[in-house]
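Colleague: I've got this one open on my screen and I'd like to go through the labels with you. Can you talk me through the reasoning behind them?

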Amino acid sequence: MQKDVAKLIKVTVNCITFWETNRSKPQMQHYPLIISFLGYNPFVKKDNYIEQQIFAFRCEHGLSYKRLGKLLNVDASTVRA
């Protein structure tokens with residue numbers, strides 16, 4: 001049920017409803033719990049392009065461009081590009 005999923009992901013039931021109806025997208029910080037709930041990372045693509053790998057990594061760890069940039073000692077705009 002939506003209330004159970006919301007509790008697991010630590011969001012409101014409205015968030016789950018909005019995600020399901022495409023009224024909004026989850027924030028990156030919620031992706032690790034979403035991936036955990038699903039049991040797989042739906043953001044991993046079959047192609048092995050570096051930008052897809054970076055995006056999948058960001059999703060798995062809930063990292064914004066800024067946070068990943070700090071980990072890599074580069075500017076967030078570099079990560080985004």
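Modeller: Sure. Keep in mind that this is a predicted model. Where do you want to start?

Colleague: With the cysteines. Why is Cys 15 called partly exposed?

Modeller: Its relative accessibility is 27%. Buried means under 20% and exposed means over 50%, so at 27% Cys 15 counts as partly exposed.

Colleague: And what makes Cys 59 buried?

Modeller: Cys 59 has 0% relative accessibility. The cut-off for buried is under 20%, so Cys 59 counts as buried.

Colleague: How do you know that Cys 59 is in no bond with Cys 15?

Modeller: A disulfide is a covalent bond between the sulfur atoms of two cysteines. Here the sulfur of Cys 59 is 17 Å from the closest cysteine sulfur, the one in Cys 15. The pair would have to be within 2.5 Å, so 17 Å is too far for a bond. The count of disulfides in the structure is 0, and Cys 15 is in none.

Colleague: OK, on to the inside. What makes up the largest nonpolar core?

Modeller: It has 11 residues in all, among them Val 5, Ile 9, Trp 19, Ile 34 and Cys 59. To belong, a residue has to be buried and joined to the others through side-chain atoms within 4.5 Å. Helices α1 (2-9), α2 (13-20) and α3 (31-38) each supply at least two residues of this core.

Colleague: Which residues does Ile 34 touch, leaving out those up to four places away in sequence?

Modeller: Ile 9, Trp 19 and Pro 26.

Colleague: Now the outside. Why is Phe 37 called partly exposed?

Modeller: Phe 37, which sits in helix α3, has 43% relative accessibility. That value falls between 20% and 50%, so Phe 37 counts as partly exposed.

Colleague: What makes Phe 37 eligible for a surface patch?

Modeller: Patch residues need over 30% relative accessible area, and Phe 37 has 43%, so Phe 37 passes that cut-off. Phe 37 forms a nonpolar patch with Leu 8, Leu 38 and Tyr 40, and together they have about 420 Å² of accessible area.

Colleague: And the whole protein: how many helices and strands does it have?

Modeller: There are 6 helices and 0 strands, and the pattern along the sequence reads α-α-α-α-α-α. Buried residues account for 25% of the 81 residues. The protein exposes about 6300 Å², with carbon and sulfur atoms supplying 55% of that. Its C-alpha trace spans about 40 × 25 × 20 Å along the principal axes.

Technical notes
Residues numbered from 1 in each chain as written. Predicted model: local features only at pLDDT ≥ 70, side-chain atom pairs only at ≥ 80, totals over all residues. Heavy atoms only, no water. Buried < 20%, exposed > 50% of the residue type's maximum accessible area, 1.4 Å probe, protein only. Helix = DSSP H or I, 4+ residues; strand = E, 2+ residues; numbered from the N terminus. Contact = heavy atoms within 4.5 Å. Patch = residues over 30% accessible without salt bridge, like charges linked within 9 Å, V, L, I, M, F, W, Y side chains within 5 Å. Areas by Shrake-Rupley, 256 points an atom, 1.4 Å probe, with all protein chains shown as cover. Salt bridge = Lys/Arg side-chain N within 4 Å of Asp/Glu carboxyl O.
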